[in-house]
Amino acid sequence: MASSVCSALGTDKENLVGKLIAVEENHGSNGNFVLNCLIAEQIQKGGGVCLVALHNSFGHYHNIGTKLGYNLRQLQEKGRVESIEILKLLNGSLNTAHEDGSEQNILFGSEEDTVRNIFHLIEEKIKKILQNIKPVSLVIDDLSDLLCLGIPLKEVLSLLQYCRTLLDSQPGLSLVVLTHVAEGDEQQNLLTAGLCHVADMTVSICGLKTGQSSDVSGAMKVIHRRWDESAVAHEWNRQNLYHFKLLDRQVKVFAPGTASSFT
Amino acid sequence: MLSSILTGKQKSVLVCIQDSLEQSGFPLLKAFVQHAVDRKENHVHIICYEHPTGKMKNGLKNSGEDHVHFHDCFTDHRGWIESQKKENIKSGVNTRGNSLLSVLQSSLVTSTNDCVVIIDSLMPLIYYNGFTKCYRELHSLLTKSVNGLAVSQVVCLVHKDTLPDAHAALPQLCHLAATIVRVGPFTQSSRGNPIAHIIHKKQGGKVLKRAEYYFIDADNRVKSEDLTVVVPTTTGMNKEMIDDSNLPQNLTTFKLSLGQQEKQARSQLVLPYLRRVNSEKGGEVFYQPDAADDWDEEDPDDDLDI
């Protein structure tokens, strides 16, 4: 499953270490499959994964993992996979909210403290995996959900910047961040633009403008940015547009206009 | 124009590069850094807010020289890591002075010459310090000397699409800047190179506007040329077609014009209020004398020899 997506992204040929991949999920589409493909590839390569789950639970990733041929829970026991489930932490925080100063109560307090606590949690887990294994992918799904928790944009961008600091300070780390964009949502748009400005690769997932189709699930645009190379005409900001079809156990990726029903 | 600003032939106090997701201005900013480094006249302060300093140093020639100073405002920009090390998390975060002025003040470089300040992106600064404070700092940087450092030029990058309240903030920045370079993606006429729209306010008050396309080579050297808009050969025809489409007869479904026969029929129709002139007979005078009329039977002109 993962191979078709990864070859479209070019991750099979390119080393991702030290890079930031932004996945932009436009309203009306689901970009989760990109994350799953990247996780699958990382595990096949023998690397580790640190999953920050805000949108889907760890169980969701485990279920998809079993379809793709790996067992996330076993890998977690082996120390190759770590997960931070913000939803569960939130639940714990709600339960202990009245007990001030307890250890678990990380999501209440000032907005900056919340984000700072999340970052320290991530940092701790990353360092733990990096002791065992390299390379490691830090996967955040999805960053814009923090906005929904009432955390201001400025703090979310701070968290992103700190995660990028880790990218610089911890060798062998790569970063995959998904954000959701709804048209007209100012905050989400600013966050996504801010993320894409610093990303090495942007994968933009959107539904078909014309509606639903049985042959095509949506369109995927891949933009590579090469910071170290000079701005040579088209090369610098290369774009590739694909259509994809999500199936039970695989994703078909093809050029626009070459869906199975047309050929 | 772009190269004369880069090389310093055209003096510009504040150069503001505006970019968007379509075309990044980072390579152009790097070219500005390279030119400032190579000039060797002034100390160059490069303040990295958005990227680690390594990203800026990568591919930059002579970046290790004495007059080049990098300031890392990217790593641990809010002091989270530092405060954790001190284990005083609960006592509150000691906010690091990441403002422009404090960064420059903390640098212990003293020189009699002016210095060049290059900021890799104003965005984090605007987010964490607020736009007004950022604007004020830029302004005071340009007018006053900081810690004995006089600033001769500031170059900064702004992302148009991540700026909160861009409709208000961008014009303000443009007002402060002496040169505004708006970077855009390539078009047909730029031969695949990115385009820069430049507005340069000279010290005398003259404002120059240019559109150029530029090319940056591996040594961060910029070549730029004026953008000549390609005029398609069918422009004239297109214009006529556009004018035609606005005429009512092209917009309506009714027939508004007349055919040849209809025109003839119209010309033959005599309308009731028009005077009918019978041209076949000659002129005629009808006269009916009344009772009191003195009717002269004789011809009054009899004696005349006509």
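User: What makes chains A and B count as being in contact in this model?

Analyst: This is a predicted model. Contact requires heavy atoms within 4.5 Å. By that test, 35 residues of chain A touch 44 residues of chain B.

User: How much area do chain A and chain B bury between them, and on which atoms?

Analyst: About 3,500 Å² is buried between chain A and chain B. Carbon and sulfur atoms carry 59% of it.

User: Why is the pair Glu155(A) and Arg78(B) called a salt bridge?

Analyst: The cut-off is 4 Å from a Lys or Arg side-chain nitrogen to an Asp or Glu carboxyl oxygen. Glu155(A) and Arg78(B) have an N to O distance of 2.8 Å. That is within 4 Å, so the pair qualifies.

User: What makes Arg78(B) and Glu112(A) a salt bridge?

Analyst: Their side chains meet at 3.2 Å, N to O. The limit is 4 Å, so this pair qualifies as well. The pair crosses between chains. Arg78(B) sits in the loop between strand E3 (68–72) and helix H4 (80–85) of chain B, and Glu112(A) is in helix H6 of chain A.

User: How many salt bridges are there between the chains, and how many over all chains?

Analyst: Between chain A and chain B the count is two. Over all chains, the search finds 10.

User: How many residue pairs are in polar contact between chain A and chain B?

Analyst: There are 19 such pairs, with both residues at pLDDT 80 or more. On the side of chain A that touches chain B, helix H6 (111–132), helix H8 (153–169) and helix H9 (186–198) each give two or more residues. H8(A) gives the largest share, 11 residues. By class, this side of chain A has 15 nonpolar, 10 polar and 10 charged residues.

User: What makes an empty space in this structure a cavity, and how many are there of 30 Å³ or more?

Analyst: A cavity is a set of points where a 1.4 Å probe fits but cannot get out. Four cavities of 30 Å³ or more are found. The largest has a volume of about 170 Å³.

User: How do you know which residues line the largest cavity?

Analyst: A lining residue has an atom within 4 Å of a cavity point. For the largest cavity, 14 residues line it. Leu157(A), Gln161(A), Gly194(A), Glu50(B) and Pro124(B) lie nearest its centre.

User: Which helices supply that lining, and what classes of residue does it hold?

Analyst: H8 and H9 of chain A and helix H6 (123–129) of chain B each supply at least two residues. The lining has eight nonpolar, four polar and two charged residues.

Key. Residues numbered from 1 in each chain as written. Chains lettered and ligands numbered in written order. Predicted model: local features only at pLDDT ≥ 70, side-chain atom pairs only at ≥ 80, totals over all residues. Heavy atoms only, no water. Buried area = accessible area lost by both parts, 1.4 Å probe. Polar contact = N/O pair within 3.5 Å; in protein donor to acceptor, adjacent residues only side chain to side chain. Helix = DSSP H or I, 4+ residues; strand = E, 2+ residues; numbered from the N terminus. Nonpolar A, V, L, I, M, F, W, Y, C, P; charged D, E, K, R; others polar. 1 Å grid on protein atoms, 1.4 Å probe; cavity = no way out; pocket = protein on both sides within 12 Å on 5 of 7 lines; lining within 4 Å. Points joined across faces, edges and corners; volume = space filled by probe spheres on them.
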